[in-house]
Amino acid sequence: MSRPEILLLSPMMPEPRALLEQDCVVHDLPAAADREALIAAVAPRVRAVAGFGGVSAGLIGRLPRLEIIANIGVGYDGVDVAAAAARGVVVTNTPDVLTEEVADLAMGLLIATVRRIPQADRFVREGRWLHGPFPLTASLRGRTVGVLGLGRIGEAIARRCAAFGLKVEWHSRRRRPEIPWPWRPGPVELAQSCDILVVVAPGGEATRNLVNAEVLRALGPEGVLINVARGSVVDERALVAALQDGTIAAAGLDVFADEPNVPAELVAMDNVVLLPHVGSASVTTRNAMSRLAVDNLLSWFAGKGPLTPVPETPWPVRLPAPV
């Protein structure tokens with residue numbers, strides 16, 4: 001029996017990839033000299049796709065034998081799930097294994113933004129300390145943190161904030177009565193009642209520009225925005241304007257609307273901390289993410305079904321009723 005063929009859209013950590021290659025034929029798209037030629041050559045045989053998003057309806061349509069898409073990441077807005085579901089293709093993601101890592105990074109970014117740690121580092125490196133002390137910064141003390149999107153990662157961030165002695169409030173589309181912190185009915189109401197707004201909402205059209213000019217005005221001139229979700233969740237032009245005119249005080253951003261392109265205005269600002277989308281980017285966590293994606297594929301090809309299918313493509317697959 002021939003081994004299943006997989007189209008790999010993104011680099012995968014070496015150990016999980018070696019495990020996958022024991023049972024499957026892996027076609028490495030990033031390494032291909034001519035990507036279009038590779039897709040054309042293998043499309044009739046490919047039964048699975050794996051990678052960090054990048055799965056469009058067009059690509060799904062080119063793969064007639066496609067059965068499963070293993071997204072390496074908990075967010076799967078880079079996969080056209082509707083197109084996959086319409087075809088009966090299962091989509092999996094990698095929940096839980098990156099929760100704590102992203103929450104750690106969010107806290108680091110929050111503290112770095114409020115206490116201006118990167119700016120202080122540059123101050124020392126540039127020799128400016130020789131001429132006087134670094135300016136006083138804002139403080140975390142007495143602050144209220146609003147978590148926008150209280151899923152696994154949002155809850156982990158909220159727990160860390162509470163452990164720092166900060167007040168915590170939150171908003172998600174679904175109210176969860178077991179959560180001990182105050183819930184607010186919308187993003188504007190949350191921003192009005194907090195000093196630091198941490199964005200952890202999922203990406204996609206449903207949340208595009210969820211944090212808009214109105215939300216930023218509600219956050220106020222002492223407010224700080226932290227985004228570790230998706231760049232699409234924040235109206236980037238509104239954010240630039242809010243930072244430039246003092247509508248809010250500062251921002252810490254790990255994600256952007258058009259990565260890796262970051263607006264020049266943000267790069268030029270001294271009240272912004274910028275990271276290159278590294279929330280889960282540790283060796284340990286990327287290994288765990290790749291391994292879960294591989295485990296989903298191996299389980300599928302062993303006839304056991306997917307381990308972590310996304311809600312839009314439950315297992316067993318329910319195809320839409322004929323029109």
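**Figure 1. Phe-123 and its ring partner in the predicted model.** Phe-123 is buried, with a relative accessible area of 8%. The model shown here and in the other views is predicted. A search of the whole structure finds two aromatic pairs. In one of them, Phe-123 and Phe-134 meet edge-to-face, with 5.2 Å from centre to centre and 75° between the planes. Phe-123 belongs to helix α6 and Phe-134 to the loop between α6 and β6 (144–148), so the pair ties together parts that are 11 residues apart in sequence. Phe-134 is partly exposed, because its relative accessible area is 24%, and the buried class ends at 20%.

**Figure 2. The pair formed by Trp-300 and Trp-315.** The ring centres of Trp-300 and Trp-315 are 5.0 Å apart and the planes stand at 70°, so this pair is edge-to-face. Planes over 60 degrees apart count as edge-to-face. Trp-300 sits in helix α12 (residues 283–301), while Trp-315 sits in the segment after α12; the pair links distant parts of the chain, 15 residues apart. Is Trp-300 buried or exposed? Trp-300 is buried, with a relative accessible area of 14%. Trp-315 is partly exposed, with a relative accessible area of 44%.

**Figure 3. The surroundings of Gln-119.** Gln-119 is found in helix α6 (residues 117–125). Its relative accessible area is 4%, so Gln-119 is buried. Which backbone oxygen lies 2.7 Å from a polar atom of the Gln-119 side chain? This oxygen belongs to Asp-270. Leaving aside residues up to four places away in sequence, Gln-119 touches Ala-112, Arg-128, Phe-134, Asp-270, Asn-271, Val-272 and Val-273. Phe-134 in this list is also the ring partner of Phe-123.

**Figure 4. Helix α10, its ends and its cover.** Helix α10 spans residues 236–244. The buried residues in α10 are Glu-236, Ala-238, Leu-239, Val-240, Ala-242 and Leu-243. An α-helix has 3.6 residues a turn, so residues three or four places apart point the same way. Among the elements that cover the buried residues of α10 are α9 (213–219), β9 (224–227), β10 (250–253), α11 (264–268) and β11 (272–274). At the N-terminal end, Asp-235 caps α10: one of its side-chain oxygens lies 3.3 Å from the backbone nitrogen of Arg-237. Gly-246, just after α10, takes a positive phi of about 80°.

Methods. Residues are numbered from 1 along each chain as its sequence is written. Side-chain values use heavy atoms; hydrogens and water are left out. Helices (H or I, at least four residues) and strands (E, at least two) are DSSP runs, numbered from the N terminus. Buried means under 20% relative accessible area, exposed over 50%, partly exposed in between (1.4 Å probe, protein chains only). A polar contact is a pair of N or O atoms within 3.5 Å; within protein, one must be able to donate a hydrogen and the other to accept it, and residues adjacent in sequence count only if both atoms are side-chain atoms. Contact means heavy atoms within 4.5 Å. Rings of Phe, Tyr and Trp (its six-membered ring) pair if their centres lie within 6.5 Å; planes under 30 degrees apart count as stacked, over 60 as edge-to-face and the rest as tilted.
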